[in-house]
Amino acid sequence: MATMPLIDSIYLYRLSDDTVQTPYSVSKLAAFNDKQLIVEALKQSVPNHLWTDVRKGYTEQGEPTQFVSLVRYVPLNSGNDGLIVVNVQLQAIAHFVQTLTTANSNHLSLYDREGTPIYGDIHGNDSLMTEMHSDYSEWAISSSVVNSNLFRLVSAISKYWILVCAIFFSIGVLWIVVVTRRNYKPVETIIQRIQLFSQQKSAELFRKGNHDEFKFIDTALVNLMEQSNAYQKQHEEDLVFKRKHFFFEWMDGNRPLKYEEWQQEMESLGMPCDFDSLCVSVLEINKYSKFASLYSDHDQNLLKFVLCSVVKEIAIGRNVTIWIEWTSKDQLTLLHLVQKVSPESKPEQIASDIANDMMQWVKTYLDFNITMGIGSGVDRIELVHYAYVEALEALQYKPSLGEDSVSCYWEINPEGKQQSLDLLEYIRALAFSLRTGEGDWQGSFAQLFDGIRAGLYARKELDNLMSYMIFFLDKEFTDLPADVQKIWANGLQDKLQKAVDDWDTVDELQQMLRSVLTETTEAIATLREMSSNYMLIRKIKLYMEEHYQNPDLSLLHLSDVFHVQMKSISRTFKEEIGENFIDYLTRIRTEHAKELLVHTEHSIQEITVKIGYLHPNTFIRSFKKLVGQTPGDFRKTAQVKS
């Protein structure tokens, strides 16, 4: 909100406890002023539009106003955990539009997809009005000229200029005719010389062949056949290129065609056009960088040709017409034109059977492996693009489903995706262990990847998760001493990013990240063992663990115990572990409070005293700030889980 002045407010809604959080308050949905938008969004599995139409809502102060809102599900693009709502006031949009124009240039009006005005201005002449529609927001903006009379005057003048140009053009044509007729004799002379040269060459040919007319005819026929073969070869090469170009445009959805136009195009390319249903699958060579390094360009082309030939043979064996093209260096796209589909043999099943046969053949005869993704079957050519997108999306789940597999899009629906909700907590625990040197970072790291394997994640989702881990580590390292920050700045971040960019399987990603993080923890541990300040902080931390029940535990108390100035302890504490004294003490007491809440029947008052607080209100406030819920709610949640 600080960097985007247009944003009026942001709501976070969590489905698990029906709670809405705004920048200034936390409340239940039933008591929330602007709850209608959230209630309507929860009724939809997928939002119809990115941005809502103009709606009536309430500001943080409870004042009614008009908004347009962005509603997204969390986690993004898949989630069922909650919602994020971004509100923009119409007044802010109107003010922003006003800054883009001046009153002396033109008139502007802005409407949402239902035609509700967002920003309005008095139009000029409607005949001079221009209107544009946004594919993203589906809003419309219209613009018209302020001084339409002046515009018409300029347009009228331009018509006269066109007339003048037409007159000069006619004069020019007449002049060319006159000059051509005047110079016809030299041109005629040139033509006569060309004819004479042709006759001389014919005479020379007959002299060389002893006036053998048959040899002359034979030579002419040979030349004609050679030219014909050259033209035929060029035509075939052009046809291959045209097929590939048309296939790309069709798959990418860049060329919308009606069925009759498509049929004519297919016939001109020499491709079959009879089908009952269509299905698209994509074959991807796994670890293509390794494949490219093992084989020369010639061998790569030969192996790709083998893959194409085997796919065609398998399709012929199943009486299926197939069109295949390499749509990228590592992906072969297969279009199945299926005819006479029986109820028990669906096009998706036919494509799946071909894919499984192809997988088995590659495993048996080749040294590399492949993965195949299959989209849903369609019965119209306009839907082939969507089937292709589905096949590519199915391939995105290769990290979770494993290599050497056939991924079917219809088996990967949002309802069937099993995802762990604790992955971000594992990342935070991992970052905390690396920052403080405490806890078992390898345990959190292992739990993170166990959660990844237990769920069903696309490649993009895992890339985003790893990017979040790098971001969180970067945030944690900024609070550490300069020599530790230097480890991060001098290559650690780059190594982590390289591992995130280059992985192919989850096991490979885990191995690369573990290697980098192990190297990092060893380097940090070496620096800390050499630091006298860190040794002091270790002693202080041990003392705090043993005496956290003492309500008088403070910087002054530690100063008396360790004979070090308060300011020095506070500064050193922050520098060495990236956390100030009071936050660290609160976390220790909170962790012990959790143990007591779960494993004992002590009251809140008794637990307050046992962990070193004097007043229950102070304990409850600090516990809720750190854990996100009150001690009583935490105990109830723990009892339900057990």
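**A surface patch and a five-stranded sheet**

Val-164 is partly exposed, because its relative accessible area is 33%, a value that lies between the limits of 20% for buried and 50% for exposed. The model is a predicted one. Val-164 sits in helix α3, which covers residues 148-182. Val-164 also belongs to a nonpolar surface patch of about 900 Å². The other members of this patch are Ile-157, Tyr-160, Trp-161, Leu-163, Ile-167, Phe-168 and Ile-171. A residue must have over 30% relative accessible area to be counted in a patch, and Val-164 has 33%.

Next comes the sheet. Five strands make up an open sheet with mixed pairing, and their order across it is β12-β13-β11-β14-β15. At the edges are β12 (321-328) and β15 (406-408), each of which pairs on one side only. On average, neighbouring strands of the sheet are turned by 20 degrees against each other, direction ignored.

At one edge, β12 pairs with β13 (residues 331-338). This pairing is antiparallel and runs over seven bridges. Within it, Ile-324 stands opposite Leu-334 of β13.

Two helices accompany the sheet. Helix α9, residues 347-365, packs on the sheet and touches β11 (277-285), β13, β14 (370-374) and β15. The direction of α9 makes about 180 degrees with that of β14; on a scale of angles from 0 to 180 degrees between N-to-C directions, the helix and this strand therefore run in opposite directions. Helix α10, residues 384-395, lies across β11, β12, β13, β14 and β15. Its angle to β11 is about 35 degrees.

Methods. Residues are numbered from 1 along each chain as its sequence is written. This is a predicted model: local features need pLDDT of at least 70, side-chain atom pairs count only at pLDDT 80 or more; totals for chains, interfaces and linings use all residues. Side-chain values use heavy atoms; hydrogens and water are left out. Two strands pair if DSSP finds at least two bridges between them. Helices (H or I, at least four residues) and strands (E, at least two) are DSSP runs, numbered from the N terminus. Contact means heavy atoms within 4.5 Å. Patches are made of residues with over 30% relative accessible area and no salt bridge: like charges are joined within 9 Å, nonpolar side chains (Val, Leu, Ile, Met, Phe, Trp, Tyr) within 5 Å. Accessible areas come from the Shrake-Rupley method with a 1.4 Å probe; for residues, only the protein chains shown count as cover. A salt bridge is a side-chain nitrogen of Lys or Arg within 4 Å of a carboxyl oxygen of Asp or Glu. Buried means under 20% relative accessible area, exposed over 50%, partly exposed in between (1.4 Å probe, protein chains only).
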